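Q: I am new to this structure and should like to learn how its features are read. May we go through them one at a time?

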Amino acid sequence: MTSWQEHNLAAIKRRLATARRAPTGLLFEHVSPHNHILVRRADDQLLLCYRHARSKIEEVQSRLSLTDPLSLLSDYTQAMLLALVWNPDPKRILLVGLGGGRLQMVLHHYLEQTRLDTVELDAAVLDVARRFFGLLPDDRQQVVVRDGREYLRETSRTERYDLIFLDAYHASGVPLHLSTQEFYAECRANLTDGGVVVTNLHASTSVYDAVRKTFALAFQHTIAFRLLGGNIVVIGTNGEQLGVSEVCQRATAVQERCGFDFALPAIARRQTSGAPYRQSAPVLRDAYTPQGSMG
C-alpha cells in the first residue's frame, strides 16, 4: 500500500466512525422522487436498500464492511472490476449509478492516477453515500446529479472514457432508456479506442434476454460472467478480443498489482457459455422516457 493509500484508508475509516457507533437496525429512511431509500446496520455491515412501492420488498443495493471498507462484499461488484483486464491503468472512468459508492471508493483508492466521473439521478442517494458510506468527491472524483443518458448525450467531452460502468438501478430494476440500442451506441461513442463498457444485469428480469441481445449487437466482442443469485456481468468492447485463459491471466496480473482482498481471477474463471440468452428476443429500441424501467 502506498503512503497515499494509507492516508486515504485512514480518512475513510474516520468518515465511517459515526456509522460504526450506530446501533443495529434502521438508521435512515427517506422517500425521494425516485426511490424509497433505507440504510440499515446489520452487525459489521452497512446496507443501502431500496423498497418496492407495491410489494414493499426491500432489495439491497450496496453493502459495506465497517471494519474493512475496501472489501467488495457483493460478487457482482467484484466481477465488474474485470473491466480492468482490458485496461489496468485507465485515465478516465465513467460510472452511471452511485448507490453506496462501493465501486467508486475502491477504484479511487487503488487507481491513484485515474479520474472518476459518476452520474446519479437521485440527489438523495448522493447524500446517503456521503453521509453514511464514506464517499467524498475530490479533485479526481466528481459526482453529477443527472440522468445518465442525458449526461452522455449533452455533455461536451474533450476526452473519452477508457471504461464505462453501468450500474444504475431503482427498486423496479434498470431504467429502460439505459438498455436500448441507441443508448449503447452513445456509450460506444464516448469510449476511447479499445474502451470497454461493463454492465450488471439480472437473469430474473422479464427483458433480460432482450437486453443481452441488444448489448451483444452493440459491440464486436462481449463476454459474460454468471454469478450467484442471478447476476450476470457482461463486458463489451470494439477493441481487443480476449479468450478465457487470457482473461484469467490478466486478472491475476490486476490482482497482484492492486492487491484486492478478493480473488479476481476466480471471478474471471466463471466465464461460461452457461450464461445464455434467447437469440429470438427482440432488440430494444428507443422509446425514450427518463422514468422508464425494467422490472
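Q: Which residues does Q141 touch, not counting residues up to four places away in sequence?

A: This is a predicted model, and the contacts are computed from its atoms. Q141 touches Q104, H108, R115, L116, L135 and L136. Q141 itself is found in strand β7, which covers residues 141-145.

Q: Is Q141 buried or exposed?

A: Q141 has a relative accessible area of 3%, and because buried means under 20%, Q141 counts as buried. As for its place relative to the start of the chain, Q141 and S3 are 138 residues apart in sequence and 19 Å apart in space, C-alpha to C-alpha.

Q: What is the pLDDT of the protein chain on average, and where does pLDDT stay under 50?

A: Where pLDDT is low, the predicted coordinates should not be read in detail. In this model the protein chain averages a pLDDT of 91, and 94% of the residues score at least 70. Among the elements, helix α5 (residues 123-132) has the highest mean pLDDT, 98, and helix α10 (residues 264-268) the lowest, 88. Over residues 288-295 pLDDT stays under 50, and the model has 29 contacts for that stretch beyond four places in sequence.

Q: In what order do the strands of the open sheet follow one another, and is the pairing parallel or antiparallel?

A: Strands of a sheet pair through backbone hydrogen bonds, either parallel or antiparallel. Here 4 strands form an open sheet in the order β1-β2-β3-β4, with antiparallel pairing. Its edge strands, each of which pairs on one side only, are β1 (25-31) and β4 (58-65). On average, neighbouring strands of this sheet are turned by 20° against each other, direction ignored. As one pair within it, β2 (residues 36-42) and β3 (residues 45-51) are joined in the antiparallel sense over 6 bridges, and R40 stands opposite L47 in β3.

Q: Which residue in the loop between β2 and β3 has a positive phi?

A: Most residues other than glycine have a negative phi, and most peptide bonds are trans. D43 lies in the loop between β2 and β3, and its phi is near 55°, a positive value in a residue other than glycine. D43 counts as exposed, because its relative accessibility is 61%.

Q: With which strands does β9 pair, and in what sense?

A: A strand may have partners in both senses, as this case shows. Strand β8 (residues 161-166) and strand β9 (residues 191-202) pair in the parallel sense over 5 bridges, with L166 opposite T199 in β9. By contrast, β9 and strand β11 (residues 231-237) pair in the antiparallel sense over 7 bridges. Along that pairing, H202 stands opposite N231 and V197 stands opposite G236.

Q: Which other strand pairs with β11, and over how many bridges?

A: Strand β10 (residues 221-226) pairs with β11 in the antiparallel sense over 6 bridges. T222 stands opposite G236 in β11. The hairpin of β10 and β11 has 4 residues between the strands, and in it G229 takes a positive phi near 85°.

Q: Why is β11 described as largely enclosed by the rest of the structure?

A: The description rests on burial: 7 of the 7 residues of β11 are buried, so the strand is largely enclosed. N231, V233, I235 and T237 point one way from β11, while I232, V234 and G236 point the other way, and all are buried.

Q: Which residues touch the most other members of the largest nonpolar core?

A: The largest nonpolar core has 62 residues, of which L81, L82, L107, F165 and F260 touch the most other members. Helix α5 gives the most to this core, with 6 residues. Taking F165 as a case, its contacts include M80, L81, I93, L107 and V198. A second, separate core of 30 residues includes V119, Y208, A224 and I232.

Q: How many disulfides does a search of the whole structure find?

A: A disulfide is a covalent bond between the sulfur atoms of two cysteines. The search finds 0 disulfides in the whole structure. C248 is in none, and the nearest cysteine sulfur, that of C258, is 17 Å away. C248 is buried, with a relative accessible area of 14%; C49 also counts as buried, at 3% relative accessibility.

Technical notes:
Residues numbered from 1 in each chain as written. Predicted model: local features only at pLDDT ≥ 70, side-chain atom pairs only at ≥ 80, totals over all residues. Heavy atoms only, no water. Pairing = 2+ DSSP bridges. Helix = DSSP H or I, 4+ residues; strand = E, 2+ residues; numbered from the N terminus. Axes fitted to C-alpha atoms, helices over the stretch in contact; angles between N-to-C directions. pLDDT = per-residue confidence, 0-100. Contact = heavy atoms within 4.5 Å. Core = buried A, V, L, I, M, F, W, Y, C linked by side-chain atoms within 4.5 Å. Buried < 20%, exposed > 50% of the residue type's maximum accessible area, 1.4 Å probe, protein only. Disulfide = S-S within 2.5 Å.
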